[in-house]
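Let's walk through a protein model together, one question at a time. Take a look at it first, and then we'll start.

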Amino acid sequence: MDNTLYPSTDKIETCMNHRMITFISQFTGLSYEEAKKERLDRLPHYGTTLEWLQKERNLTDVDSYFNFIHPESETKEISYDPKLRRFLLDLSKTYHMTVLTNAPMVHAKRTLELLDVYDLFDGIYDITANNFQGKPYSKAYLKPILEKNFTVDETLFIDDHPKYIRGYNHLGGKSVLIDAENLLDIEELGEATPYAKITSIYDLPTVLRTL
Ligand SMILES: [Mg+2]
């Protein structure tokens, strides 16, 4: 959902990262710069920043973490795209669309409502639905697929993050990487090499035609 239904160039990406580092700094007592460095260093070992803090830093108050990272005002950081609803509505006539996010439900609902596409998805699997073990854990992808009575073969997974593409690749599934700024070199992605790389959700029909 994040950085896929809206571009990663929207303000929220920078603002959310800033809030995460600020939270880590306040929670651990590290300076902002130290917290930033520590996160960069430790995050590759975990699915999410939250999981790292839970496992290595004994964070237990998950609500205070999410409330800090996702304040109500975050909607001001995402721009409304008047073309998105029409586009997804057309896709929803042919495909089942499900949201799999490592964010909490409150953020998912808020974002989908802001974009006016909440009703077009047949389900939202947030981080609590996956018991805080979201992407890239296999179970996180399999839960929505199996609950909706589909198979990995029938499912296209779309994300902006190579780590989460890698997780779906491990299941033998086809994934699409959305790289709005064309920052990632497909030759260097290794196990995170997607089936296709596009710069915007609007390029998805081109990929779907190849399946
Ligand atoms: Mg994302």
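Q: At what angle do helix 1 and helix 2 pack?

A: This is a predicted model, in which local features need pLDDT of at least 70 and side-chain atom pairs count only at pLDDT 80 or more, while totals for chains, interfaces and linings use all residues. Residues are numbered from 1 along each chain as its sequence is written. Helix 1 covers residues 11-28 and helix 2 covers residues 32-42 (helices, H or I of at least four residues, and strands, E of at least two, are DSSP runs numbered from the N terminus). Their axes, lines fitted to C-alpha atoms over the stretch in contact, lie 8 Å apart, and the angle, on a scale from 0 to 180 degrees between N-to-C directions, is about 110 degrees.

Q: Is helix 1 roughly parallel or roughly perpendicular to helix 2?

A: Angles under 35 degrees count as roughly parallel, over 145 as roughly antiparallel, 65 to 115 as roughly perpendicular and the rest as oblique. The angle here is about 110 degrees, and that makes helix 1, relative to helix 2, roughly perpendicular.

Q: How many residues in the contact of helix 1 with helix 2 are charged?

A: Helix 1 brings Ile 21, Thr 22, Ile 24, Ser 25 and Thr 28, which meet Tyr 32, Ala 35, Lys 36 and Arg 39 of helix 2 (a contact means C-beta atoms, placed from the backbone, within 7 Å). Ala, Val, Leu, Ile, Met, Phe, Trp, Tyr, Cys and Pro count as nonpolar, Asp, Glu, Lys and Arg as charged, and the others, Gly among them, as polar. The contact has four nonpolar residues and three polar ones, and the number of charged ones is two.

Q: What covers the buried residues of helix 3?

A: In helix 3 (residues 49-57), Thr 49, Leu 50, Glu 51, Trp 52 and Leu 53 are buried. A residue is buried if 20 or more other C-beta atoms lie within 10 Å of its own, exposed if 12 or fewer, and partly exposed in between. The cover over these residues includes helix 1, helix 2 and helix 4 (62-69).

Q: Is Arg 85 buried or partly exposed?

A: Arg 85 sits in helix 5 (residues 84-92). Leaving aside neighbours within four places in sequence, Arg 85 is in contact with Asp 116 and Val 117. Because Arg 85 has 15 C-beta neighbours inside 10 Å, it counts as partly exposed.

Q: In what order do the strands of the open sheet lie?

A: Two strands pair if DSSP finds at least two bridges between them. The edge strands, each pairing on one side only, are strand 3 (156-159) and strand 5 (196-198). The open sheet has three strands with parallel pairing, in the order 3-4-5.

Q: Which residue of strand 4 stands opposite Asp 159?

A: Strand 3 and strand 4 (residues 174-178) run parallel and are joined by four bridges. Ile 158 stands opposite Val 176. Opposite Asp 159 stands Leu 177.

Q: Which helix packs on the sheet, touching strand 3 and strand 4?

A: Strand 4 is mostly covered, with four of its five residues buried. The packing helix spans residues 162-170, and its direction makes about 170 degrees with that of strand 4. The helix is helix 8.

Q: How many strands are there in the chain?

A: From the N terminus, the elements run α-α-α-α-α-β-α-β-α-β-α-β-β-α. Nine of the elements are helices, and the number of strands is five.

Conventions. Two residues are in contact if their C-beta atoms, placed from the backbone, lie within 7 Å.
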